[in-house]
Amino acid sequence: MLDRKQIYLDNSAATRLDEQVMEAMKPYYFDTYAVATSEFAYSQGIEAREALEEKRAILAGALGAAPEEFIFTSGSTESSNIALKGIALASGNAKGKHLIVSKIEDFPVLNSAKALEKQGFKATYLEVDGDGFIDLDKLRNSITKETVLLSIQHANQEIGTVQDIENIGRICHEKGVLFHTDATHTFPRVPIDTGKIPVDLITVSAHTIHGPKGIGGLYIRKGTKIGKWIDGGFQEFDLRSGLENIPGAAGFARAVELITPQETDRLQSMRDRIIDRILKEIPDTVLNGHRRKRLPQNANISFHFIEGESITLHLDMYGIAVSTGSACFSRSLEGSHVIFGIGGDHERAHGSIRFTFGRFNTMKDVDTVVETLSQVVKELRSISPLGKE
């Protein structure tokens with residue numbers, strides 16, 4: 001079994017680096033490798049600074065933003081931490097100490113909110129419906145005169161549901177509240193135009209779009225007051241200290257340039273095929289997240305009467321990589337907080353499998369996975385102690 005072609009369907013965790021991205025990065029390892037802040041000392045520093053600003057402009061442009069509204073970070077975790085904690089630092093006691101997030105946010109947002117609670121902030125954790133959507137009326141009613149920030153993800157990292165961030169942003173701006181969205185899994189496949197959508201801060205990352213790990217960014221709308229969270233030098237408009245990762249910035253920019261609507265459509269076709277085939281051909285399965293308003297690359301399905309880690313381990317023996325929200329794989333005693341958040345029970349949470357597609361997947365991969373999965377599920381159910389109710 002080990003000599004079979006590997007089929008990797010965990011592209012929301014990390015993607016294979018595109019060779020064209022690597023080529024874009026190489027000059028900044030071997031030729032223009034000076035520190036960008038050395039621009040006043042010698043010519044290579046000037047070249048490094050110019051390269052950094054060129055890549056910044058490309059990434060900001062993909063968000064409809066100005067270059068000075070985009071800072072580079074080490075990835076989505078840092079970006080979301082800067083967004084929440086930076087706004088908290090800047091707000092002080094001037095307005096209040098209240099922030100709002102959803103219960104199904106990714107951990108950088110959830111744990112930042114929890115950390116701020118220890119610093120005297122109050123956090124409201126909004127519930128979602130069975131598909132993972134925020135109730136806009138409940139959101140509006142949760143905002144108080146003390147609220148300084150709302151953080152709602154553009155799309156969920158597990159179930160793929162895409163939120164209505166345009167209307168969420170409008171509510172926030174009507175109420176005078178800053179709005180942050182985590183677009184780690186949408187940028188740039190599900191476009192955000194900051195000229196049209198009233199969002200103040202956006203988290204983005206390269207690792208989910210065949211770019212390098214260790215590089216991300218944060219859009220900060222001009223005029224937004226945000227505190228400096230990492231002390232050190234004056235890099236990134238004096239908002240994020242540390243040596244600039246110019247090779248990473250070059251790779252990130254190139255990765256964004258390589259994304260096309262045609263490729264996104266192809267990913268969506270594979271997503272739809274795997275959902276349709278599994279739900280039709282494998283009994284006792286349920287789709288997690290909205291059927292249509294979801295990430296083009298994401299399918300998340302729960303398999304009743306068996307554990308997700310068992311499915312994952314058996315598929316791995318056939319050279320197929322997927323992820324599960326089950327406890328053993330999350331290094332936690334709990335199952336997926338997202339599945340629980342949409343009303344799922346322990347069986348649904350522990351039996352969930354996420355399939356996420358990338359550039360190097362094919363429709364043949366989909367059919368191979370479904371055929372293998374059907375066999376694996378049948379075998380596991382035949383020996384499962386859970387049984388049918």
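Biologist: How much space lies in the second largest pocket?
Modeller: About 200 Å³. Keep in mind that this is a predicted model.

Biologist: Which residues line that second largest pocket?
Modeller: The lining is Ile87, Ala90, Ser91, Ala94, Lys95, Thr147, Val148, Gly176, Leu178 and Lys225. Helix 4 (76-91) and strand 5 (147-151) are the elements that give two or more residues to it.

Biologist: And which element gives the most to that lining?
Modeller: Helix 4, with three residues.

Biologist: How do the residues of that lining divide by class, nonpolar, polar and charged?
Modeller: Five are nonpolar, three are polar and two are charged.

Biologist: Okay, on to closed spaces. How many cavities of 30 Å³ or more are there?
Modeller: Two. The largest holds about 60 Å³, and the second largest has a volume of about 30 Å³.

Biologist: What lines the largest cavity?
Modeller: Asn11, Ser12, Thr15, Arg189, Thr208, Ile209, His210, Gln297, Phe357 and Gly358. By class, that lining has seven polar residues, two nonpolar and one charged.

Biologist: Which residues line the second largest cavity?
Modeller: Thr184, His185, Thr186, Phe187, Arg189, Thr208, Ile209 and Gln297. Here the classes come to five polar, two nonpolar and one charged. Arg189, Thr208, Ile209 and Gln297 appear in both cavity linings.

Biologist: Phe187 catches my eye. What kind of peptide bond joins phenylalanine 187 and proline 188?
Modeller: A cis one, with omega at about -5°. As a rule, most peptide bonds are trans.

Biologist: Where is proline 188 found?
Modeller: In the loop between strand 6 (178-182) and strand 7 (201-205).

Biologist: What about odd backbone angles, say phi of aspartate 284?
Modeller: Phi is near 60° there, a positive value in a residue other than glycine. Most non-glycine residues have a negative phi. Aspartate 284 sits in the loop between helix 10 (261-281) and strand 9 (285-287).

Biologist: Why does aspartate 284 count as partly exposed?
Modeller: Its relative accessibility is 30%, and partly exposed covers the range between under 20% for buried and over 50% for exposed.

Biologist: What is phi for phenylalanine 305?
Modeller: That residue has a positive phi too, about 75°, although it is not a glycine. You'll find phenylalanine 305 in the loop between strand 10 (298-303) and helix 11 (308-317).

Biologist: Is phenylalanine 305 buried or exposed?
Modeller: Buried, because its relative accessibility is 13%.

Biologist: Let's look at strand 10 itself. What does serine 302 touch?
Modeller: Serine 302 lies in that strand. Setting aside neighbours within four places in sequence, serine 302 is in contact with Asp284, Thr285, Val286, Asn288, Arg348, Gly351 and Ser352. So aspartate 284, the residue with the positive phi, is one of its contacts.

Biologist: Is serine 302 buried or exposed, then?
Modeller: It counts as buried, at 1% relative accessibility.

Biologist: What separates the C-alpha atoms of serine 302 and glycine 227?
Modeller: 42 Å, for residues 75 apart along the chain. For another pair, take tyrosine 28 and proline 247: they are 219 residues apart along the chain, and their C-alpha atoms are separated by 5.1 Å.

Biologist: Where does tyrosine 28 lie, and which residues does it touch?
Modeller: Tyrosine 28 is in helix 2 (residues 27-30). Not counting residues up to four places away in sequence, tyrosine 28 touches Tyr33, Ala51, Lys55, Ile246, Pro247 and Ala250. Tyrosine 28 is buried, with a relative accessible area of 16%.

Biologist: Now the whole chain. How many helices and strands does the chain have?
Modeller: There are 15 helices and 13 strands. The C-alpha atoms fill a box of roughly 70 × 50 × 35 Å along the principal axes.

Biologist: What radius of gyration does the chain have?
Modeller: 22 Å, which agrees with the value near 21 Å for a compact globule of 389 residues.

Biologist: What share of the residues is buried?
Modeller: Buried residues make up 57% of the 389. The accessible surface comes to about 16,900 Å², and 52% of that belongs to carbon and sulfur atoms.

Biologist: Last one: among contacts between residues at least 6 apart in sequence, what share joins residues at least 24 apart?
Modeller: 72%.

Methods
Residues are numbered from 1 along each chain as its sequence is written. This is a predicted model: local features need pLDDT of at least 70, side-chain atom pairs count only at pLDDT 80 or more; totals for chains, interfaces and linings use all residues. Side-chain values use heavy atoms; hydrogens and water are left out. On a 1 Å grid over the protein atoms alone, a cavity is a set of points where a 1.4 Å probe fits but cannot get out, and a pocket is an open set with protein on both sides within 12 Å along at least five of seven lines; lining residues have an atom within 4 Å of a point. Grid points are joined across faces, edges and corners, and a volume is the space filled by probe spheres set on the points. Ala, Val, Leu, Ile, Met, Phe, Trp, Tyr, Cys and Pro count as nonpolar, Asp, Glu, Lys and Arg as charged, and the others, Gly among them, as polar. Helices (H or I, at least four residues) and strands (E, at least two) are DSSP runs, numbered from the N terminus. The radius of gyration is taken over C-alpha atoms; the globule rule is 2.2 Å times the number of residues to the power 0.38. Buried means under 20% relative accessible area, exposed over 50%, partly exposed in between (1.4 Å probe, protein chains only). Contact means heavy atoms within 4.5 Å. Accessible areas come from the Shrake-Rupley method with a 1.4 Å probe; for residues, only the protein chains shown count as cover.
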